[in-house]
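Reader: I'm new to this structure and would rather get to know one spot well than skim the whole thing. Could you pick a single part and give me a close look at it?

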Amino acid sequence: DRLDEIDDAHVVIDYKSGGSIAVSAWQVPRPRMPQLPFYAIAILQQNFNLAGVSFAMVHKGEPRFKGYLREKDLLPCTDPAKRTFEGLGFDEYAARWAEELERIAKSFVQGDAAVDPKTLPGRSGSSCQHCHLTALCRVGDLANGYFDGEGEDDE
């Protein structure tokens, strides 16, 4: 990861060499990949002129940037037309990241351990695909309606 200075502004760049990664992973609520939004908030709190965050895809033969930027020409992103979420520019959305990351941190500190995956098991992008604690997990109960009173009783 890097912090580059481009035209008196800064951009956080996260280099990726494999897999498909989408900028939509930064959308709130509950961003699936909060690392770059977290860096953005930390850098903004230090009063840097942060103008965006971007993945730098370093695949052989097709290197490219996938970013969320204040200005479309700051980096040669694959689709600069998609540089807003919900019609908000980078600065406005960074404020949403700050609120959401603060909410997530407070929830963690308070010990919140609700069974509430953003993407349920069996669906593409589910964090459950990488979990090694399936024997202890109650996510299957959530997917089957047990926490809503729709599942079978444990009699």
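Author: A bit of vocabulary comes before the tour: helices (H or I, at least four residues) and strands (E, at least two) are DSSP runs, numbered from the N terminus. What you see is a predicted model, so local features need pLDDT of at least 70 and side-chain atom pairs count only at pLDDT 80 or more, while totals for chains, interfaces and linings use all residues. Residues are numbered from 1 along each chain as its sequence is written, and side-chain values use heavy atoms, with hydrogens and water left out.

Let's spend our time around helix α2, which covers residues 90-109. To place α2 in the chain, read from the N terminus: the order of elements is β-β-α-β-β-α-α, giving three helices and four strands in total. Of the 155 residues in the protein chain, 31% are buried (under 20% relative accessible area; exposed is over 50%, partly exposed in between, with a 1.4 Å probe and protein chains only).

Start with the aromatic rings. Here F90 and W97 make a pair (ring centres within 6.5 Å, using the six-membered ring of Trp; planes under 30 degrees apart are stacked, over 60 edge-to-face, the rest tilted). Nine aromatic pairs turn up by that rule, and in the F90 and W97 one the centres sit 5.9 Å apart with 80° between the planes, making it edge-to-face. Both partners are tucked away: F90 has a relative accessible area of 2%, so it is buried, and W97 is buried too because its relative accessibility is 0%. The pair has company, since ring pairs tie W26, F55, Y68, F85, F90, Y93 and W97 into a cluster.

Now look at what else comes up to W97. R30 belongs to the loop between β2 and α1, with α1 spanning 35-45. R30 and W97 are 67 residues apart along the sequence, but their C-alpha atoms are 9.2 Å apart in space. While W97 is buried at 0%, R30 has a relative accessible area of 27%, so R30 counts as partly exposed.

Next come the charged side chains. The protein has seven salt bridges (a side-chain nitrogen of Lys or Arg within 4 Å of a carboxyl oxygen of Asp or Glu). One of them joins D91 to R70, at 3.1 Å from N to O. This bridge links distant parts of the chain, with D91 in α2, R70 in the loop between β4 (64-69) and α2, and 21 residues separating them. D91 is partly exposed because its relative accessible area is 39%, and R70, at 27%, is partly exposed as well.

Two further bridges sit within the helix. E100 and R103 meet at 2.7 Å, N to O; they are three residues apart in α2, so about one helical turn separates them. E100 is buried, with 9% relative accessibility, whereas R103 is partly exposed at 41%. In the other bridge, the closest N and O atoms of E102 and K106 are 3.8 Å apart. Those two are four residues apart in α2, which again means about one helical turn between them. E102 counts as partly exposed at 43%, and so does K106 at 48%.

So here's how I'd picture this part. The rings of F90 and W97 meet edge-to-face and belong to a cluster of linked aromatics. Meanwhile D91 reaches from α2 to R70 in the loop between β4 and α2.
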